[in-house]
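Open the model in your viewer and keep the selection tool at hand. The tour goes from stop to stop.

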Amino acid sequence: MASAAEQWVQDQERLAKPDRVYWCDGSDGEAWRLLEIGLSEERLMGPVFQQLNQKTWPTAYLHRSNPNDVARTEKVTFVCHPTKEASGPNNNWMEPEKAKALMSKLSDGCMAGRTMYVIPYMMGHPDSPYAKACMMVTDSCYVAISMRVMTRIGTDIFEKLRNREDFIKGFHSIGTLDPDRRYVMHFPEEGLVWAVGSGYGGNALLGKKCVSLRIGSFLGYKQGWLAEHMVIMGIEDLHGKKTYITAALPSACGKTNLAMMESALPGYRVWTLGDDIAWLNIGPDGRLWAINPEAGYFGVAPGTSMKTNPNMMKTIKRGAFNPTLFTNVALDTDRNEPWWEGIDGPVPENLLDWQGHPWTPSLGTKAAHPNSRFTASIINSPMLDAEAANPRGVPISAIIFGGRRTQLIPLVTESFNWAHGVFMGARMGSETTAAATGQVGVVRRDPMAMLPFCGYNMADYWRHYLNMGNRMSRPPRIFSVNWFRVDDRGKFIWPGFGDNMRVLKWVIDRVTGAVPARETPAGLVPRIEDLDMTGLVLPKEDLERLFTVNMKDWRPEVDSVRDFLKPYKGRLPAEIREQYEKLERQVR
Ligand code: OXD
Ligand code: MN
């Protein structure tokens, strides 16, 4: 008799009617077989893959997506709980039966003439008690290869899930790529993602945002753990002692650069475990333990260079394990190499832009799409932490919430307690950059950097966060950071990048109790003398300015937080309301 997993695959086959079914076994040879298919298969703008210069960029391939399909599409992303209330003001909602009828119609015969790839995969180390077994079908070999880089796939994993019913299911088809027939539907109660009409990473690599965050966060709510949009990093001090922390930052705040930082503070070193997602469970010791459910990077290419992120450049050039894929970058045709704005060196003479058209700077457009990406195995990282493959994960001593704020928010602030820290995360905001929206400096609230990814009502999520703190005997401390405060001339005061280690050192010093802190109405900030400034000269008044908290300037901030919280009113946890009211009293 067919197992539940086999039965489910048969049902998908019956619906999508592919010409062929290909079961991915995760073997080494398979990646290259799938690439061969992609090199020969024509899709819209030529082959799915183009091989790049294998001498300078070993195992690297270029993929161009449809120009109408280059980013996550939040407008057509739905979280379908039985009630709208359960999905919350933070999600689009459709009645589950109606959503299923719509998706069935769009999926009927959608793989005709194509191959359906069947991918058994695991989010997390297969031996981890915190890992989740998943099963996905897709008609894109780009997605199949990307899933192989980003997750752990293979026959052994299928053996683990074949006799289980609780695997997370994912149906993906690029469909017609018509934006009007594009939907990314989530059915959290059933552990099902159903995505049609997009081949773009965040919509199509279902293990990532859809499973690890939207479905994962809801499972965490039910089962007592957290799925977070966070980097996981280990910081080694002068004596070889490692402290593990996680950090949540919205896009355009240097999250990946932080995860792979080269420390500017002598004697300190960063080890990476993940750059995007952390699953956080309470261990038997009462501490919070983090695993990275993913196995690869899906990072933004523009801006990545030997200056901003040398470790990532080494990772994507290493090519030792799994293919490295580039999506929508430009192509230096003389060298057959990928290129993007911000990469090292001069602009090459002969470039094709991300759509394959000849390009010169005089066109005034971007050669690489601003959201062009690399997909690379984390195993290629030269700074992978020794514990990255530990199924139990690593114990977390501090959680950091960050954002891009040119005013108000100090370089670093420690929360007074867990509830205050959760409120810090809940009121998180980040200013838009021109690249993202065309509008500069508008504050967007993005609680815990989870607004687009929380698979249930965010007020219930804050309740769950608060409960998690109450359940831990040794909870991590919660901090907020902001590298982006400017002076009167609009210049960044803090140098950022490797110098951010000075802030992380203070965070660790607080965790170990090595230094006292200065109390402000917004939280605890460093005394200037406790910030290790070895090798960095910054005028004292600039440093002081980084930690200035002037509550009379906070009125618009408090108003904006109030407006943001308003739709959650009836469900808002009392602790969050109290924290807000306390802040409001301080600006009166
Ligand atoms: C991502 C995102 O791609 O957060 O990681 O959008
Ligand atoms: Mn992300």
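Start with two strands. Select β19, residues 330–332, and then β20: the two pair in the antiparallel sense over three bridges. Keep in mind that this is a predicted model. Now pick Leu 331. Its bridge partner in β20 is Pro 338.

Widen the selection to the whole sheet. It is open and has four strands, in the order β20-β19-β21-β22, with antiparallel pairing. Which strands stand at the edges? They are β20 (337–339) and β22 (358–359). Each has a single partner strand, so one side of each is left without a neighbour in the sheet.

Next stop: the nonpolar cores. The largest has 95 residues. Select Tyr 121, Tyr 461 and Trp 462, the residues with the most contacts inside this core. Colour domain 1 (4–48 + 65–225) and domain 2 (230–275 + 397–586). Both give residues to this core, so it lies between them. Another core lies apart from it and has 63 residues. Leu 331 from the first stop is among them, as are Met 501, Val 515 and Leu 536.

Go back to Trp 462. Beyond its neighbours within four places in sequence, its contacts include Val 422, Ala 426, Pro 447 and Met 448. Phe 564, Leu 565 and Tyr 568 are also among them.

Last stop: ligand 1. Around it, select Arg 72, Lys 209, His 229, Asp 276, Arg 373 and Phe 453. Check three distances to oxygen atoms of the ligand. A polar side-chain atom of Arg 72 lies 3.0 Å from one. For His 229 the value is 3.2 Å. For an N or O atom in the side chain of Asp 276, it is 3.3 Å.

Conventions. Residues are numbered from 1 along each chain as its sequence is written. Chains are lettered from A and ligands numbered from 1 in the order in which they are written. This is a predicted model: local features need pLDDT of at least 70, side-chain atom pairs count only at pLDDT 80 or more; totals for chains, interfaces and linings use all residues. Side-chain values use heavy atoms; hydrogens and water are left out. Two strands pair if DSSP finds at least two bridges between them. A nonpolar core is a set of buried Ala, Val, Leu, Ile, Met, Phe, Trp, Tyr and Cys residues joined through side-chain atoms within 4.5 Å. Buried means under 20% relative accessible area, exposed over 50%, partly exposed in between (1.4 Å probe, protein chains only). Domain bounds come from an automatic or database domain assignment. Contact means heavy atoms within 4.5 Å. A residue is near a molecule or strand if one of its heavy atoms lies within 4 Å of it. A polar contact is a pair of N or O atoms within 3.5 Å; within protein, one must be able to donate a hydrogen and the other to accept it, and residues adjacent in sequence count only if both atoms are side-chain atoms.
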